[in-house]
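I opened this notebook to keep track of what I looked up, one topic at a time. My first entry begins with a question about charged side chains.

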Amino acid sequence: MVAERTYRFGPLERGGILLGMRWPQLGLMVGVMLCILGALRSPVILAPGWIALAGALGFIAFVRVDDRNLDQWVPILFGFTMQKVMGETVFRGALFRTGNSSDHLSKTALPGPLSSLVMLSVPVGNGRYVAVVKDARRGTFTAVLQVQGSQFALLESGDQQARVDAWGELLAGLTIGGGRLSRIQWLERTLPDSGDQLQRHWRVRGHHDGSWAAEAYQEVIDAAGPVAQRHETFLSFQLRARDVRRAVQRAGGGDHAACTVLLGELRTMEAALARASINTVGWLPPRALAAVIRMTYDPYSIEMIDARGGAASDRAGGLTGLPSGIDPAIAGPVRTVTSWDHYRTDSGFHTTYWINGWPRVPSPAAFLAPLLMETTCRRTVSLVVEPMPGRKAEKAVNRRRMAHLGEQQMRDKVGKVTTQRDMAEASEVERREQELIAGFGAFRFHGFVTVSADDLDGLAEACGEAETLASRSRLEMVRLVGEQDQGFSVAALPLAVGVS
């Protein structure tokens, strides 16, 4: 019997510059010293004002509220206030920007940070197309692959480990040998199942003879379908044009050449996923990706979209003459409203969390099982991964190592106690350095959880359930208050949108 391998993560680095203080805190401390100097050099009647200002700056620098310093709340409060003042908390979709249907460029109107995205329809042969999402502002190209989940948690530990190792080899290939992909997103979501697939299978293959058995089977399908829950999993692969400038130029230059280079990478990834025993459904065409986006913004549209698919090229059983998916030009929301702690779209209320703490104690590979498999609410779990080239990773580790050594020397000089957290962070940096020397790849990653419901009361209950299951998965989550629209764009949609 194979011994079960465990994994653990280091603490979230605070990124201090001097004695654990960040640049804003250092700036505030400089302000405190200037205020003290002003109090010493000013008339006695003005000294209390200087001292009060110094106390206020120190208070802002070091007092924490909801696991954040007050100086970290300032940009969030300022940004949300400016959104309110400028009227940017409300987005109204461009209903009449449907564009030219014969154009391969579909103008998908999306809110906020997604406004620069356009969807390209790239032919791949045999009358098939793949959707490539271009970010005109950042020069990136993204394709989305739908995959099928497996009963990973039910496998023997040896089989689990083999799959984890295969997935690790796939990721390692992105950091060595001139890997061209700049970002990968893994997204798993739950949706209310409309029961359309059951109905479609029964309509096509069932024996409709009016018998008691046929009527009873129809009643069972009618009752079971709408209360079921389905899981969907997507992998998004992104290529940055400037990183593959020469390959794009060899292919002829322009968007078409960039898409050609991306398609070559997609074939490589599909083969690597097959070796990792990951079952793929296929690369999403424009109408399918548009349907994924639309169902995210408008959960009430799920039943309508599921019923489509009756065109000659689709599987039998759908509504006659209606092709599957929807027009990319109408994939975006009709209206969204950004609030402090939630985000409202056409027919849903959403709250997004950032995972700021991963298991720090040894945990099995399936540590996310409670969050992924036991939720009854609508939720999306997303992981955005950016591979770091070897030299860049080494420089980053060396900077952190030198910073820790400098902080240790400064603590020794001023007599400040070295805490267990300081030692844990330094130990984590050493572990990363050893892994880089041994040839392992380095990644920058962020995890998110988006919880959705039909109303605010339901959203509160769903958030409570998600927080409980995240705790069982040994995750620490922070609600992205004041940044819910940005969090939703990154976490709920398989578009591989990055974070700063």
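**Entry 1: salt bridges**

Which residues are linked with Glu 232 in a network of salt bridges? Before answering I noted that I am working with a predicted model. The network, as I found it, links Arg 189, Arg 230, Glu 232 and Asp 306.

I then took the pairs around Glu 232 one by one. Glu 232 meets Arg 189 in a salt bridge, with N to O at 2.9 Å, and this pair links distant parts of the chain, since Glu 232 belongs to strand 9 (residues 229-240) and Arg 189 to strand 8, 43 residues apart. Glu 232 also meets the side chain of Arg 230, where N to O comes to 3.0 Å.

Are these three residues buried or exposed? I looked up each value: Glu 232 has a relative accessibility of 9% and counts as buried, Arg 189 is buried at 2%, and Arg 230 is buried at 14%.

For the whole model I noted a count of 15 salt bridges. One of them joins Glu 265 to Arg 180, and here the closest N and O atoms are 3.9 Å apart. That pair also links distant parts of the chain, because Glu 265 sits in helix 8 (residues 254-275) while Arg 180 sits in the loop between helix 4 (157-172) and strand 8 (181-192), 85 residues apart. I wrote down that Glu 265 is buried, with a relative accessible area of 15%, whereas Arg 180 counts as partly exposed at 30%.

**Entry 2: aromatic rings**

How many aromatic pairs does the count come to? I recorded nine aromatic pairs. Among them is the pair of Phe 9 and Phe 367, which is edge-to-face, with 6.1 Å from centre to centre and 70° between the planes.

I wanted to know where these two rings lie in the chain. Phe 9 lies in the segment before helix 1 (23-41) and Phe 367 in the loop between strand 13 and helix 11 (369-373), so the pair ties together parts that are 358 residues apart in sequence. In the accessibility values, Phe 9 counts as partly exposed at 24%, while Phe 367 is buried at 15%.

I also noted that ring pairs link Phe 9 and Phe 367 with Trp 358 and Phe 445 into a cluster. On a separate page I put Arg 68, which lies over the face of Trp 73, at 5.2 Å from the ring centre.

**Entry 3: strand 15 and its partners**

My next search was for the strands that run beside strand 15 (residues 442-453). Strand 13 (residues 348-357) is joined to strand 15 by seven bridges, and the two run antiparallel; within this pairing, Thr 352 stands opposite Thr 450. Strand 14 (residues 378-388) is joined to strand 15 by 11 bridges, again in an antiparallel arrangement, and here the bridge partner of Arg 379 is Val 451.

Is strand 15 mostly covered or mostly open? I found that strand 15 is mostly covered, with nine of its 12 residues buried.

**Entry 4: cysteines**

How many disulfides does the count come to? The count comes to zero disulfides. I looked at Cys 463 in particular, which is in no disulfide, as the nearest cysteine sulfur, that of Cys 377, is 8.0 Å away. A disulfide needs the two sulfur atoms within 2.5 Å, so I could see why none was assigned to Cys 463. I added that Cys 463 is buried, with a relative accessible area of 3%, and that Cys 259 is buried with a relative accessible area of 3% too.

**Entry 5: helix 9**

Last, I checked the length of helix 9 (residues 286-297). At 1.5 Å a residue, its 12 residues should span 16 Å, and its end C-alpha atoms are 17 Å apart, which agrees.

How many of the 12 residues of helix 9 are buried? I noted that 10 of the 12 are buried, so I entered helix 9 as mostly covered. The buried residues include Pro 286, Leu 289, Val 292, Arg 294 and Tyr 297.

Note on methods
Residues numbered from 1 in each chain as written. Predicted model: local features only at pLDDT ≥ 70, side-chain atom pairs only at ≥ 80, totals over all residues. Heavy atoms only, no water. Buried < 20%, exposed > 50% of the residue type's maximum accessible area, 1.4 Å probe, protein only. Helix = DSSP H or I, 4+ residues; strand = E, 2+ residues; numbered from the N terminus. Pairing = 2+ DSSP bridges. Phe/Tyr/Trp six-rings, centres within 6.5 Å; stacked < 30°, edge-to-face > 60°. Lys NZ or Arg CZ within 6 Å of the ring centre and 35° of its normal. Salt bridge = Lys/Arg side-chain N within 4 Å of Asp/Glu carboxyl O. Expected span 1.5 Å × (residues − 1).
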